[in-house]
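Work through the exercises below with the sequence and the model side by side. Each task is followed by a solution in steps.

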Amino acid sequence: MTTGAEPQKFLGHVEFKRGLEGAITNETRIGYIDGEKGWLVYRGYNIEDLAEHSTFEETAYLIIYGRLPTRAELTRWTDRLVQARPIPSYLMDALRRLPKEAHPMAVLRTAVSILGCHDPLADKIDIPNCERIGVDLIAKMATIAGAVMRMRNGQEPIPPDPKLSHAANFLYMCTGKVPDDFSARVMDANLVLHVDHGMNASTFTAMVIASSLSDLYSAICGGIASLKGPLHGGANEEVMKMLLEVGGPDKAEAWVRKAIAEKRKISGFGHRVYKAYDPRAKVLGKFSERITKLCGQERLYQTAKKIEELVVPALGGKGIFPNVDFYSGTIYYSMGFDYAMYTSIFMVGRIPGQVARVLEYLPDNRIFRPRAVYVGDLNLTYVPIEQRG
Ligand SMILES: CC(C)(COP(=O)(O)OP(=O)(O)OC[C@H]1O[C@@H](n2cnc3c(N)ncnc32)[C@H](O)[C@@H]1OP(=O)(O)O)[C@@H](O)C(=O)NCCC(=O)NCCS
């Protein structure tokens, strides 16, 4: 029973949009997206150029320190990442005790939490210490993901090979085989494409946690937890299930028509920010065409391409185009990854962005505290429990 007071309906000049759509959280020099034009920029460099010319190591340096490294800086940085790759035995023991069937993202989240529990300086919140933790986690995320994949398949984890690049070593730790140059190149470009993407849900989650001056391990655990969801990083897993369900390019038309008629959200399409073609999907589409052919999985690419050719004319007018997750699954499948691993690969790529954004925000930190529009009752009369119906 209300007693006349009007529920709060407006917040002065603040516009309310569900999901904080369009809300501005902070100023940044890290990355820029123009969703109408389909642009993605890291520290001033177009993503297409970085995917073609840069490596994961170089891009991680760029995103964290604000400029491309000199050769000497890159050598020192790469050495630092290589030194940080091995994971401690206490962590390996803990991972072995988790159920084999646990979702790889849940294991990654748990692993980061365990590392935090063992770090006596975890709660020292200053930039050098957070940078130390961040770099350590960037290096170790690939090792943990590799160990998770091996253990899921009942295989022994493989220690990192210091002679291999981050991407090649990641593939090696997952599959047990040193990858050919093209596969290593595709994984490297794929990681570069995933490094940063503005105030996406997982990066924002990491920043919200860090803004309360909680530790970086907690912030990255939150980032992993958010990325796990099917509306975010989990979409590539859903795309792969969809492509297998469709069953081939000849069956795509009937499947797409039905999905559109039923107003289903088609995985790998649509984006909160891009209302044009996601530039990352363009790069990955080209790699997908080549690698699926090399691995004898060309039907997967053909099915995906056919779906794209049907969905874009039907929904492109609404700003629905393939997103980063649409082709990445076909690449991972061709490389031999179980689709439950896909979001973990995303996380291996995304961690430099999460770390960089937290490091950028902390020096002028202000705790995040949005408001909600209250639409509930006011001034209800408290009814003793014996009198409630
Ligand atoms: C990413 C996503 C959550 C963005 O959501 P959003 O910005 O809130 O967009 P909305 O859900 O408001 O959708 C706007 C319109 O486009 C439609 N739409 C959005 N994504 C769609 C998709 N994947 N397939 C079909 N239609 C879609 C919606 O039905 C809605 O149509 P309407 O205006 O007729 O009701 C959404 O596009 C989605 O769920 N995509 C599939 C999952 C995915 O690939 N996620 C990875 C993102 S990188």
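## Exercise 1: A salt bridge

Task: In this predicted model, find the residue whose side chain meets that of Arg132 in a salt bridge, and say which parts of the chain the pair ties together.

Solution.
Step 1. The side chains of Arg132 and Asp119 form a salt bridge, with an N to O distance of 2.9 Å.
Step 2. Arg132 belongs to helix H6 (residues 127–152), while Asp119 sits in the loop between helix H5 (104–117) and H6, so the pair ties together parts 13 residues apart in sequence.
Step 3. A search of the whole structure gives 18 salt bridges.

## Exercise 2: Two domains and their interface

Task: State how the protein is divided into domains, and describe what lies between domain 1 and domain 2.

Solution.
Step 1. Domain 1 covers 31–230 + 341–364, and domain 2 covers 235–334.
Step 2. Taken over C-alpha atoms, the centres of domain 1 and domain 2 are 26 Å apart.
Step 3. Contact involves 29 residues of domain 1 and 26 residues of domain 2.
Step 4. The size of an interface is often given as the accessible area lost when the parts come together. Between domain 1 and domain 2 the buried area is about 2200 Å², and carbon and sulfur atoms give 68% of it.
Step 5. Phe182, Leu193 and Tyr342 supply 32% of the area that domain 1 buries against domain 2, more than any other three residues.
Step 6. Zero salt bridges are counted between domain 1 and domain 2, but six residue pairs are in polar contact there.

## Exercise 3: The side of domain 1 that touches domain 2

Task: Which elements give two or more residues to the side of domain 1 that touches domain 2, and which gives the most?

Solution.
Step 1. The elements are strand S1 (31–34), strand S2 (39–42), helix H1 (47–53), helix H8 (181–194) and helix H16 (342–361).
Step 2. H8 gives the most to this side of domain 1, with nine residues.
Step 3. Sorted by class, the side of domain 1 that touches domain 2 has 14 nonpolar, nine polar and six charged residues.

## Exercise 4: The surroundings of Ser267

Task: Where is Ser267 found, and which residues does Ser267 touch, not counting those up to four places away in sequence?

Solution.
Step 1. Ser267 is in the loop between helix H12 (249–261) and helix H13 (279–294).
Step 2. With that exclusion, Ser267 touches Ala235, Glu238, Val239, Met242 and Phe326.
Step 3. Ser267 and Phe326 are 59 residues apart along the chain, yet their C-alpha atoms are separated by 7.3 Å.

## Exercise 5: The ligand

Task: Which residues come nearest to the ligand?

Solution.
Step 1. Of the 17 residues around the ligand, the nearest are Lys265, Ile266, Phe269, Arg272 and Lys318.
Step 2. A nitrogen atom of the ligand lies 2.7 Å from a backbone N or O atom of Ile266.
Step 3. An N or O atom in the side chain of Arg272 is 2.9 Å from an oxygen atom of the ligand.
Step 4. For Asn323, a polar side-chain atom lies 2.9 Å from an oxygen atom of the ligand.

How values were computed
Residues numbered from 1 in each chain as written. Predicted model: local features only at pLDDT ≥ 70, side-chain atom pairs only at ≥ 80, totals over all residues. Heavy atoms only, no water. Domains from an automatic or database assignment. Contact = heavy atoms within 4.5 Å. Buried area = accessible area lost by both parts, 1.4 Å probe. Salt bridge = Lys/Arg side-chain N within 4 Å of Asp/Glu carboxyl O. Polar contact = N/O pair within 3.5 Å; in protein donor to acceptor, adjacent residues only side chain to side chain. Helix = DSSP H or I, 4+ residues; strand = E, 2+ residues; numbered from the N terminus. Nonpolar A, V, L, I, M, F, W, Y, C, P; charged D, E, K, R; others polar. Near = heavy atom within 4 Å.
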